[in-house]
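Trainee: I am new to this structure, so could we look at it together and talk through what it shows?

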Amino acid sequence: MSQLAVDTADDGRILDLRREPGACAGLPQGRADGRYRCLACGGRLVLQRPASPASRFTPRFRHGGAPGVDQCPASAQHQADVQADLTTMLALCDQLLRVLPEACCRLRLDPELAGGRWEIPPALVVRRGESDVAVLERPRRLLAPAAVARRLLQVRTQYGDATVHWWLFDRDDPLHCDVAGTVNVQPHGTTIAHPKVRPTPAQRQIAAAGATVCWLISDTVLLPYGGHPRSYARQPGEDWSGGMASWRRDWTISHPHPADRAAWWGLVPQALPALGRQPGFRPVAALNTMAALERAEHGRERHRRRRAREHAQRCPPQTAPVQLAATAPPLSGSEPLEAPAAPKAASPAAVAPLSPSSCEPPRQTPPLHGRRRRFTWASLLPRRWRRRQTRP
Ligand SMILES: [Zn+2]
């Protein structure tokens with residue numbers, strides 16, 4: 001910890017003399033009016049620099065006290081927590097610098113939080129040029145609504161309302177990723193499975209505030225859209241009974257941010273390198289996929305309503321026996337649009353909706369045994385005459 005400090009005179013920039021050995025050259029040494037603070041205990045630190053360029057002295061921060069004695073009063077556990085947070089954030093910083101070598105990445109902490117047990121690690125501020133600023137969070141612990149609200153407000157106040165504010169969660173962290181299966185979708189004609197998650201209250205809060213929630217796995221970012229179960233309202237001329245009942249259930253999307261009342265969030269993958277090339281971290285590929293999902297949704301509704309009208313024409317309500325539909329063959333690949341991967345209804349008819357034509361009564365099939373004899377006029381004659389006729 002002796003090479004880490006918060007610079008209160010530079011918006012809470014975290015100085016790391018191991019990664020930036022030359023940084024201390026431009027900084028005032030000594031106590032410097034208390035501008036350097038310890039991250040673990042919040043105490044004022046002293047910057048010690050080499051006396052000359054030839055000196056082998058390693059620059060460091062030291063707690064004020066007796067010469068030669070430097071001990072942080074924070075507990076070992078707290079120091080380890082602080083170090084773990086910084087390690088996580090610095091790993092993200094290094095990952096971004098591989099994608100954006102020209103960017104300026106700085107870890108920043110509200111100086112008031114130095115020495116306390118913060119819930120949210122220091123933010124990573126990425127600058128490209130004068131106006132392109134993105135603030136990235138990488139939470140590790142559970143988030144309390146008050147801490148989230150404070151951080152959201154702080155970022156808006158410090159960097160402006162339009163600042164890109166991303167909260168990146170670990171895809172493999174069960175605290176922040178409640179997996180809820182998959183949903184099959186066809187955004188571009190081919191069926192693919194998107195992971196589904198149940199968002200935490202904090203993640204809903206972040207999305208509602210207009211910031212971006214996402215999950216990080218390796219070099220891929222997973223961006224969410226909202227999934228809202230729905231049931232088509234019956235329109236004149238439609239019949240959703242019998243085998244059409246399960247086709248009535250569908251879902252609708254909310255994007256680019258999931259709406260507050262979404263039942264689940266589907267996740268669209270977006271390559272991190274492609275993300276880094278866009279101004280403001282705009283996830284163009286993911287946004288295009290979400291727009292395609294909305295178009296597919298409209299097409300899906302048109303298709304299903306057409307089938308419901310056909311069903312109504314073929315099956316007048318008074319002559320449509322439900323039990324016949326249950327024995328009809330399931331609809332095969334004629335349904336071109338996506339449906340929820342795991343419908344809750346237990347009946348097979350709900351999982352694989354039945355063809356509207358299934359309401360037609362079954363054909364009268366002939367008996368398997370007792371082949372019908374061919375009709376002949378001779379069969380009408382008395383039996384003895386028939387024998388006489390067949391003799392040569
Ligand atoms: Zn300390």
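What follows is a short exchange about the core and one residue outside it.

Mentor: This is a predicted model, in which local features need pLDDT of at least 70 and side-chain atom pairs count only at pLDDT 80 or more, while totals for chains, interfaces and linings use all residues. Residues are numbered from 1 along each chain as its sequence is written.

Trainee: Which helix gives the most to the largest nonpolar core?

Mentor: A nonpolar core is a set of buried Ala, Val, Leu, Ile, Met, Phe, Trp, Tyr and Cys residues joined through C-beta atoms within 7 Å. The largest one has 67 residues, among which Ala 5, Leu 124, Leu 136 and Cys 214 touch the most other members. Helices are DSSP runs of H or I with at least four residues, numbered from the N terminus, and the one that gives the most to this core, with five residues, is helix 1 (residues 76-99).

Trainee: Is Arg 277 buried or exposed?

Mentor: Arg 277 is placed in helix 4 (residues 272-277). A residue is buried if 20 or more other C-beta atoms, placed from the backbone, lie within 10 Å of its own, exposed if 12 or fewer, and partly exposed in between. Because Arg 277 has 12 C-beta neighbours inside 10 Å, it counts as exposed.

Trainee: How far apart in space are Arg 277 and Leu 100?

Mentor: In sequence, Arg 277 and Leu 100 are 177 residues apart. Taken from C-alpha to C-alpha, their separation in space is 7.5 Å.

Trainee: What share of the protein's residues count as buried?

Mentor: The protein has 392 residues, and the share of them that count as buried is 31%.

Definitions and conventions
Helices (H or I, at least four residues) and strands (E, at least two) are DSSP runs, numbered from the N terminus.
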